[in-house]
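Biologist: Could you take a close look at the protein surface around the DNA and describe what lies there? Please give the cut-offs behind each term as you go.

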2 protein chains.
Amino acid sequence: MIKQTQKRSIETRAKLIRVATEAIAANGHSALRVEEVVKNAGVAKGTFFAHFKDKDALMELIIGAQINEYLDAAEAMTAPDDVDELITRMRPLMNFMTGERYIFDVIVRHSGAAVKEEIGPIAQTFDRTIEIVSAWIAQGQFRKDVSEVLLAEGVQAFAVQAMALHFCAINNQEEMHLRFKTYLQAWLTPTPTK
Amino acid sequence: MIKQTQKRSIETRAKLIRVATEAIAANGHSALRVEEVVKNAGVAKGTFFAHFKDKDALMELIIGAQINEYLDAAEAMTAPDDVDELITRMRPLMNFMTGERYIFDVIVRHSGAAVKEEIGPIAQTFDRTIEIVSAWIAQGQFRKDVSEVLLAEGVQAFAVQAMALHFCAINNQEEMHLRFKTYLQAWLTPTPTK
DNA sequence: GATAATAATTGACCATGGTCATAATTATGA
DNA sequence: TCATAATTATGACCATGGTCAATTATTATC
């Protein structure tokens with residue numbers, strides 16, 4: 001019962017992704033229409049859904065790839081020494097994620113995998129972010145009373161919170177990063193006096 | 001330019017909300033259909049959208065009201081002394097929020113207000129949660145190096161994170177609360193040894 | 001190379017949220 | 001009480017994502 005994937009199918013799928021990526025580059029994520037994609041790819045509508053469970057699945061794929069580009073860039077940098085540098089490293093990615101409300105919604109919706117065996121592209125980038133950030137934290141001047149993985153998970157939680165509040169009111173991106181900084185200082189370099 | 005709202009309009013709106021609430025009680029949030037609501041309310045489809053910007057706006061209203069019931073219950077309790085008690089206080093609300101994937105998505109989508117002047121029902125409950133939790137934290141045995149409001153915002157960030165990961169894989173709710181506990185211990189009672 | 005088996009594609013059709021010009025109702029005021 | 005304005009309701013219509021039985025293309029078998 002092994003399904004033999006034909007070359008034709010691989011090409012069709014690639015064409016759909018390419019066409020969709022181009023459309024997004026031109027008009028933004030939220031403006032993408034399935035009809036438009038299949039028309040420009042020269043296939044029928046049903047073909048689209050034979051390749052992707054739904055429109056969201058394709059978006060997840062594309063956004064996941066975009067996030068990975070930012071993570072590549074982040075990974076290429078030196079480990080941050082302090083909170084300020086950590087924020088600088090994450091800034092481009094956070095700006096991308098909040099560049100369009102639609103993007104952020106898709107990301108949040110897919111930040112957790114549906115099934116353990118089948119972890120989606122965006123959930124994968126969350127895992128990868130944890131890896132990268134925890135490796136950074138292990139090298140920097142941060143608290144040592146809890147594991148760096150836990151700290152990295154917290155960084156992610158605060159990043160999501162800062163981004164969610166970014167869409168609140170007329171907050172601009174600079175405010176978002178400031179808020180993020182306040183969180184991280186309290187999280188990564190606490191000085192409790194109970 | 002003051003719009004005079006007629007009694008008829010108020011009644012129609014109330015009927016739509018009541019009918020929708022009943023339908024949700026019977027079949028769950030995600031199964032709600034606008035067609036069904038207008039049919040049972042005895043009005044035309046267009047009327048629905050004259051009263052609510054979109055289906056999401058009604059959902060926000062109803063879910064916001066439900067959250068407020070949980071907050072009422074939480075507020076009636078004594079302030080928690082430690083992390084365990086804090087989690088106990090928040091447990092029913094978090095269980096509700098994760099009871100249906102659809103509910104959580106709606107909540108996250110509306111956790112930030114669109115405009116400062118017009119803060120939505122769910123965003124209001126987030127504010128209220130911050131108030132309640134920060135008041136609790138001020139009274140309990142928690143770190144004092146940062147403001148209780150900041151700590152409360154962190155509690156919320158970690159709650160969202162724990163809930164998002166809950167949908168990941170086959171994690172059950174117990175695991176969610178355990179994860180939440182780990183976060184909160186590190187956040188609220190740090191013992192750094194830099 | 002004929003035939004059977006499997007994979008891939010098709011497009012008419014459906015489900016459902018949302019729009020808007022028009023009609024019906026209610027308030028206003030002389 | 002009637003004319004006029006303002007408010008509310010209507011439902012045909014549209015936009016768009018998604019389904020599925022039927023069809024076509026490819027591969028395997030002899």
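Modeller: Around DNA strand C there are 25 residues, the closest being A:T12, A:G46, A:T47, A:H51 and B:K55, where a residue is near a molecule or strand if one of its heavy atoms lies within 4 Å of it. Of the atoms of DNA strand C that come within 4 Å of the protein, 72% belong to sugar and phosphate. This is a predicted model, in which local features need pLDDT of at least 70 and side-chain atom pairs count only at pLDDT 80 or more, while totals for chains, interfaces and linings use all residues. Residues are numbered from 1 along each chain as its sequence is written, chains are lettered from A and ligands numbered from 1 in the order in which they are written, and side-chain values use heavy atoms, with hydrogens and water left out.

Several polar contacts (pairs of N or O atoms within 3.5 Å; within protein, one must be able to donate a hydrogen and the other to accept it, and residues adjacent in sequence count only if both atoms are side-chain atoms) can be listed for this strand. A polar side-chain atom of A:R8 is 3.1 Å from a sugar or linking oxygen of DNA strand C, a polar backbone atom of A:A44 lies 2.8 Å from a phosphate oxygen of the strand, and a polar side-chain atom of B:K45 is found 2.9 Å from a base nitrogen of DNA strand C. Two or more residues of the surface near DNA strand C come from each of α1 (7-27) and α3 of chain A and α3 of chain B, the helices (H or I, at least four residues) and strands (E, at least two) being DSSP runs numbered from the N terminus. The largest share, five residues, is that of α3(A). By type, the surface near DNA strand C holds seven nonpolar, 10 polar and eight charged residues, where Ala, Val, Leu, Ile, Met, Phe, Trp, Tyr, Cys and Pro count as nonpolar, Asp, Glu, Lys and Arg as charged, and the others, Gly among them, as polar.

Turning to DNA strand D, 24 residues surround this strand, and the closest are A:K55, B:T12, B:A44, B:G46 and B:H51. Sugar and phosphate make up 74% of the atoms of DNA strand D that come within 4 Å of the protein. From chain A, a polar side-chain atom of A:K45 lies 3.0 Å from a base nitrogen of DNA strand D. From chain B, a polar backbone atom of B:Q6 is 2.9 Å from a phosphate oxygen of DNA strand D, and a polar side-chain atom of B:T12 is 2.5 Å from a phosphate oxygen of that strand. At least two residues of the surface near DNA strand D are supplied by each of α3 (45-51) of chain A, α1 (7-27) of chain B and α3 (45-51) of chain B, and α3(B) gives the largest share, four residues. This surface divides into six nonpolar, 10 polar and eight charged residues.

For a view of the protein beyond the DNA surface, consider A:W136, which sits in helix α7 (residues 121-139) of chain A. A:W136 is buried, with a relative accessible area of 6%, buried meaning under 20% relative accessible area, exposed over 50%, and partly exposed in between (1.4 Å probe, protein chains only). Leaving aside residues up to four places away in sequence, A:W136 touches A:A74, A:M77, A:T78, A:A79, A:P80, A:L86, A:R89 and A:M90, contact meaning heavy atoms within 4.5 Å.
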